Amino acid sequence: MTKYKGKKFIASYSGGKDSVLALYRAIKQGMLPLSLITTYNTDEGRTWFHGIPKPLLLNVSKALEIPVKIVKTNGSEYAVNFEKALCEFRDAGAKVCVFGDIDIEEHLQWCTQRCCNAGIEPYSPLWKESRRQLVYEFIDSGFIANITVVDTKQMKDKHLGSILTKKVADSIDAQGADVCGENGEYHTFVSDGPIFQNAVEFSFKEKIRIGNYSILPLDYPAV
């Protein structure tokens, strides 16, 4: 969208494939990144949802050559603290916050309300596009993402730890799960791609199970 060209933005960054693809598209559209914004679970000592430890997240920021704002918050103050961060960047000149949401209305409404309260414009460059085509675009663009979490109620965990390829995506689809993982079937960690200056090194800890979820916790430094 040419209307966003030249606008300064921040990106809501989970470390997963959708947030990375949204960031990539925004940069390709001529938008100017001021910072990543990532929420950090103070109870768990890792980022919310994708479980990235702080040293690893800082290395991602370095590899992308984009600063990261780590918003430390518990669940009850999540929305308020996110809005505070948005206000800080609004005052620093950011006009837009970029999100990686695709087609879940509840997510869009939440992001829109946070931005509205903070006086900054929300932008979801992936909105309402084909889930399969977005996964393929991500892979074809040269990004590297490993599957770190699997909801075993929705799909088998045989691809846990695997790099997301078209073959893996098709295998996920063949199991009857969403190829994009938009319903929480799986989460990813992106470590390399066209906007990375270098690959981010990392390793996995031993697999754990929490309820229905199989998880390979991310670790740093790589061993």
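Let me start with strand β7, residues 144-151, and strand β11, residues 213-215, which pair in the antiparallel sense over 3 bridges; strands here are DSSP runs of E with at least two residues, helices are runs of H or I with at least four residues, and both are numbered from the N terminus. Two strands are said to pair if DSSP finds at least two bridges between them. Within this pairing, D151 stands opposite Y213 in β11.

Before going on, I should say that this is a predicted model, in which local features need pLDDT of at least 70 and side-chain atom pairs count only at pLDDT 80 or more, while totals for chains, interfaces and linings use all residues. Residues are numbered from 1 along each chain as its sequence is written, and side-chain values use heavy atoms, with hydrogens and water left out.

Where do β7 and β11 sit in their sheet? They belong to an open sheet of 4 strands with antiparallel pairing, in the order β8-β7-β11-β10. The edges are taken by β8 (186-192) and β10 (208-210), and each has a single partner strand, so one side of each is left without a neighbour in the sheet. On average, and with direction ignored, neighbouring strands of this sheet are turned by 30° against each other. As a general reminder, strands of a sheet pair through backbone hydrogen bonds, either parallel or antiparallel.

Now to helix α1, which has 12 residues and reaches 16 Å from its first C-alpha to its last, close to the 16 Å expected at 1.5 Å a residue; the expected span is 1.5 Å times one less than the number of residues. Of its 12 residues 10 are buried, so α1 is largely enclosed by the rest of the structure. Buried means under 20% relative accessible area, exposed means over 50%, and partly exposed lies in between, with a 1.4 Å probe and protein chains only. The buried residues of α1, which include K17, D18 and R25, pack against β1, β2, α2, β5, α5 and β8. Just after the helix, G30 takes a positive phi of about 90°.

One of those partners deserves a closer look: α1 (residues 17-28) and α5 (residues 131-140) pack at an angle of about 70°, with their axes 10 Å apart. Axes are lines fitted to C-alpha atoms, for helices over the stretch in contact, and angles run from 0 to 180 degrees between N-to-C directions. The two helices α1 and α5 are therefore roughly perpendicular to each other, a label that covers 65 to 115 degrees, whereas under 35 counts as roughly parallel, over 145 as roughly antiparallel and the rest as oblique. In this contact, K17, V20, L21 and R25 in α1 meet L134, V135, E137 and F138 in α5, where contact means heavy atoms within 4.5 Å.

Helix α3 (residues 78-91) has 14 residues that should span 20 Å at 1.5 Å a residue, and its end C-alpha atoms are 20 Å apart, which agrees. Its buried residues are Y78, N81, F82, E83, A85, L86 and F89, and what covers them includes β1 (8-12), β2 (32-41), β4 (68-73), β5 (96-98) and α4 (105-118).

Is A79, also in α3, buried or partly exposed? At 25% relative accessibility, A79 counts as partly exposed, and, leaving aside neighbours within four places in sequence, A79 is in contact with W110 and R114.
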